[in-house]
Amino acid sequence: MRIDPKYFNLFIGICAVFTVIIIIFSTILYSHNQTVDFQNNVKEVSFDLISFQSYSEPDSIRLSSLNDRPIIIHFWSTWSDKSHEIHKFLQEYKHQHPDLSVIAAAVRDADDLILQYIHEHSYNFHFVNGTEFYQSMQIPGMPSQILITSNGSYYDSNIGNDITELRVKLDALLDEE
């Protein structure tokens with residue numbers, strides 16, 4: 001079958017539109033599946049057994065050592081401006097709610113960049129290396145947060161930098177405590 005040359009450009013245009021639609025649909029479906037897989041995986045984790053290598057202390061930090069306090073694990077990177085926005089929000093939120101423990105888990109970054117960032121900012125967080133845990137949980141985005149109750153069980157998660165949504169989830173976590 002041959003296409004009449006006067007319809008060739010129209011045919012190519014229609015093929016391009018269908019290709020773009022398929023790519024967009026596949027991307028959205030893949031992102032959704034990643035989020036669902038992460039949320040299913042994180043519910044199965046025993047957080048009292050998790051430890052992170054600390055940047056600010058010589059030893060690693062075990063989440064079980066922070067018992068009796070709600071915890072937020074914030075996965076971030078020095079190159080992510082969205083992560084910096086969440087840091088500022090969490091610093092203000094922690095100031096208003098001192099019982100909250102903030103674990104700032106750096107992901108896929110050079111140690112010297114992380115240490116420089118810690119030195120330049122006076123955040124009251126536990127700075128740790130979170131790359132291994134981030135990858136093992138297949139967390140679908142940066143920044144992301146995991147909220148843990150004071151008894152060490154999973155409460156909720158947040159993907160992205162929606163501060164309003166994060167505040168609602170943190171308020172709900174602290175209200176239940």
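**View 1. Aspartate 68 is an exposed loop residue.** Aspartate 68 has a relative accessibility of 69%, so it counts as exposed. (Buried means under 20% relative accessible area, exposed over 50%, and partly exposed in between, with a 1.4 Å probe and protein chains only.) Look for aspartate 68 in the loop between strand E2 (60-62) and strand E3. (Helices, H or I with at least four residues, and strands, E with at least two, are DSSP runs numbered from the N terminus.) Glycine 152 is 84 residues away from aspartate 68 along the chain, yet their C-alpha atoms are separated by 8.2 Å. Please keep in mind that this is a predicted model, where local features need pLDDT of at least 70 and side-chain atom pairs count only at pLDDT 80 or more, while totals for chains, interfaces and linings use all residues. Residues are numbered from 1 along each chain as its sequence is written, and side-chain values use heavy atoms, leaving out hydrogens and water.

**View 2. Helix H5 turns one face inward.** The 14 residues of helix H5 (residues 163-176) should span 20 Å at 1.5 Å a residue, and the end C-alpha atoms are indeed 20 Å apart. (The expected span is 1.5 Å times one less than the number of residues.) Which residues of H5 are buried? They are Leu166, Lys169, Leu170, Leu173 and Leu174. Seen down the axis of H5, these buried residues fall within an arc of 130°, so they line one face of the helix. (The arc is that of the directions from the helix axis to the C-beta atoms.) Strand E3 (71-76), helix H2 (81-96), strand E6 (144-148) and strand E7 (154-159) are among the elements that cover the buried residues of H5. (Contact here means heavy atoms within 4.5 Å.) On the face turned away from the buried side, you can find the exposed residues Thr164, Val168, Asp175 and Glu176.

**View 3. Asp156, Glu165 and Lys169 are linked in a network of salt bridges.** (A salt bridge is a side-chain nitrogen of Lys or Arg within 4 Å of a carboxyl oxygen of Asp or Glu.) The side chains of aspartate 156 and lysine 169 meet in a salt bridge, at 3.9 Å from N to O. Aspartate 156 lies in strand E7 and lysine 169 in helix H5, so this pair ties together parts that are 13 residues apart in sequence. Lysine 169 also forms a salt bridge with glutamate 165, with the closest N and O atoms 3.1 Å apart. These two residues are 4 apart in helix H5, so about one helical turn separates lysine 169 and glutamate 165. Buried or exposed? Lysine 169 counts as buried at 16% relative accessibility, while aspartate 156 is partly exposed at 24% and glutamate 165 is partly exposed at 34%.

**View 4. Three loop residues show special backbone geometry.** Most residues other than glycine have a negative phi, and most peptide bonds are trans. A cis peptide bond, with omega about -5°, joins methionine 142 and proline 143. Proline 143 is in the loop between helix H4 (131-137) and E6, and glutamine 138 is also in the loop between H4 and E6. Glutamine 138 is not a glycine, but has a positive phi of about 55°. Arginine 108, with a positive phi near 50°, sits in the loop between strand E4 (101-106) and helix H3 (111-120). At 52% relative accessibility, arginine 108 counts as exposed.

Notes
The expected span of a helix is 1.5 Å times one less than its number of residues.
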